[in-house]
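Walk me through this fold, strand by strand and helix by helix. Where should a reader begin, and how do the helices pack?

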Amino acid sequence: MGSEGVANKNNSVKLNASETKGKTITCKAAVAYGPGEPLVVEQIHVKPPQKMEVRIKILYTSICHTDLSAWLGWNEDQRAYPRIFGHEASGIVESVGEGVKDIKEGDIVVPIFNGECGNCSCCKSDKTNMCESFGVNPMKKVMNNDGTSRFSTIDGKPIYHFLNTSTFVEYTVVDSACVAKLHHDLTHSLKKLTLISCGVSTGVGAAWNTANVHSGSSVAVFGLGAVGLAVAEGARARGASKIIGVDINPEKFIKAQEMGITDFINPRDEEKPVHERIKEITEGGVDYSFECAGNLDVLREAFLSAHEGWGLTVLLGIHSSPNLLPIHPMELFDGRRIIGSVFGGFKGKSQLPHFARECIHGVVRLDNFITHELPFEEINKAFDLLSKGKSLRCIMNM
């Protein structure tokens with residue numbers, strides 16, 4: 001096997017890349033061979049980074065619901081096998097390809113599925129965090145540089161990439177636009193900072209950047225998974241006075257209270273539509289509602305829960321259904337608005353390092369999101385925990 005990146009007793013990170021730089025590395029990965037099939041932990045080959053690419057030694061990775069839905073193959077058009085899933089991780093740079101100037105060997109980083117090239121019109125605009133070349137694209141399965149994969153099975157068969165990142169592997173290769181470099185003084189916190197590469201950033205950023213939740217405001221969060229609870233955490237940090245959580249799993253209420261939820265609604269216990277109950281609680285509706293369930297019926301309830309005149313609904317859930325928005329155009333004349341949010345509106349490379357510092361300084365409480373830790377070899381158990389709603393985030397140690 002190639003060089004090892006390790007966390008010592010002081011949680012510092014060391015990497016000896018002298019034996020692997022410029023060479024193909026043989027290492028373990030969790031490979032998906034079909035929709036819903038158990039991932040196979042096996043040895044694979046990882047090629048060196050090419051021009052404007054970075055090879056990362058993954059130290060920690062976790063599973064998001066996007067990984068779960070992709071593994072289950074809910075969207076047939078996005079299927080590609082064999083494939084390495086995963087997009088929440090942290091690690092250390094093993095080597096960089098030609099032309100990479102802002103990242104070097106030994107840097108601690110998190111891969112980001114919604115990249116930032118810094119050169120396109122979107123990256124140069126302060127109105128969006130999209131990127132024309134490296135934005136989130138679940139259809140993409142190879143590298144931009146040459147349209148091929150950097151992964152292969154031991155017998156040479158290509159293994160496809162996923163969401164610009166592919167983190168269920170000891171070493172991954174990503175475009176330099178999809179790497180956020182963190183300050184070295186955060187090395188000791190790298191395990192928990194794994195969460196900012198997707199779920200926590202998506203939820204907190206939706207509250208801060210997309211909605212700009214203000215002190216004293218009212219918020220409703222539909223779906224209390226990791227992203228929904230991150231929204232609640234972001235709203236709490238901004239001083240929201242009322243944060244209503246909506247979920248059909250009553251067991252989530254205890255954890256939700258820790259994250260700032262002040263009121264809990266289980267739709268199955270209500271005799272009236274949820275939006276009517278929320279209007280009663282808030283005397284007219286919330287200032288901000290967040291749909292984190294990926295369900296069109298839930299989206300409509302979230303929209304109707306927003307206060308007439310100024311209420312804003314933020315769409316975060318991943319919708320695999322081909323059906324369109326359940327909103328009549330005339331309903332928008334009531335003053336409610338609706339908007340989508342990708343990666344919480346964060347520009348990954350330029351803004352995530354500062355967000356990481358805020359998290360470590362306690363503005364956002366990352367520890368509350370980590371409910372399980374497992375060795376990487378038990379990744380199928382981690383998937384099972386998530387699919388059964390028993391975990392928020394399970395950190396896997398590589």
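The model is predicted. Begin inside the sheet, at strand β12. Four bridges tie β12 to strand β15, residues 288–291, and the two run parallel. One pair marks the register here: Val221 stands opposite Phe290 of β15. Strand β13, residues 242–246, is also joined to β12, by five bridges and again in parallel. Ala220 faces Ile244 of β13 across that pairing.

How is β12 placed with respect to the rest of the structure? Five of the five residues in this strand, 218–222, are buried, so β12 is largely enclosed by the rest of the structure. The side chains split between two directions. Ser218, Ala220 and Phe222 point one way, while Val219 and Val221 point the other way. Buried here means under 20% relative accessible area, and residues pointing either way from β12 meet that description.

Now widen the view to the sheet. Six strands form an open sheet, ordered β14-β13-β12-β15-β16-β17, with parallel pairing. The edges are β14 (263–265) and β17 (337–340). Each has a single partner strand, so one side of each is left without a neighbour in the sheet. On average, neighbouring strands are turned by 20 degrees against each other, direction ignored. At the β17 edge, strand β16 (residues 312–315) pairs with β17 over four bridges in the parallel sense. Within that pairing, Val314 has Ile339 of β17 as its bridge partner.

The helices come next. Helix α4, residues 226–237, belongs with β12 and β13: the three make a right-handed β-α-β unit. Helix α6, residues 274–282, lies across β12, β13 and β14. It runs at about 160 degrees to β13. Helix α3 (residues 199–210) lies across β15, β16 and β17. Its direction is about 145 degrees to β16.

Helix α3 also packs against other helices. Two packed helices are described by the angle between their axes and the distance between the axes. Take α3 and α4 as the opening case. Their axes come within 7 Å and cross at roughly 45 degrees. That crossing makes α3 oblique to α4. The crossing of α3 past α4 is right-handed. On the α3 side, the contact is made by Gly199, Val200, Thr202, Gly203, Val204, Ala207 and Trp208. On the α4 side, it is made by Val227, Ala230, Val231, Gly234, Ala235 and Ala237.

Helix α8, residues 348–360, also packs on α3. Their axes come within 12 Å and cross at roughly 95 degrees. The two helices are therefore roughly perpendicular to each other. Val200, Ser201, Val204 and Trp208 of α3 make this contact with Leu352, Phe355 and Glu358 of α8. Set the two contacts side by side. Val200, Val204 and Trp208 of α3 are listed for α4, and these residues are listed for α8 too.

One further helix pair remains. Which angle do α1 and α9 make? Helix α1 (residues 65–72) and helix α9 (residues 379–387) pack at about 105 degrees, with axes 10 Å apart. That angle makes α1 roughly perpendicular to α9. From α1, His65, Asp67, Leu68 and Trp71 take part. They meet Phe383, Leu386 and Ser387 in α9.

Terms used: Residues are numbered from 1 along each chain as its sequence is written. This is a predicted model: local features need pLDDT of at least 70, side-chain atom pairs count only at pLDDT 80 or more; totals for chains, interfaces and linings use all residues. Side-chain values use heavy atoms; hydrogens and water are left out. Buried means under 20% relative accessible area, exposed over 50%, partly exposed in between (1.4 Å probe, protein chains only). Two strands pair if DSSP finds at least two bridges between them. A crossover is right-handed if, with the strands pointing away from the viewer, the path from the first strand over the helix to the second runs clockwise. Axes are lines fitted to C-alpha atoms, for helices over the stretch in contact, and angles run from 0 to 180 degrees between N-to-C directions. Angles under 35 degrees count as roughly parallel, over 145 as roughly antiparallel, 65 to 115 as roughly perpendicular and the rest as oblique. A crossing is left-handed if the near helix is turned anticlockwise from the far one by less than a right angle, and right-handed if clockwise. Contact means heavy atoms within 4.5 Å.
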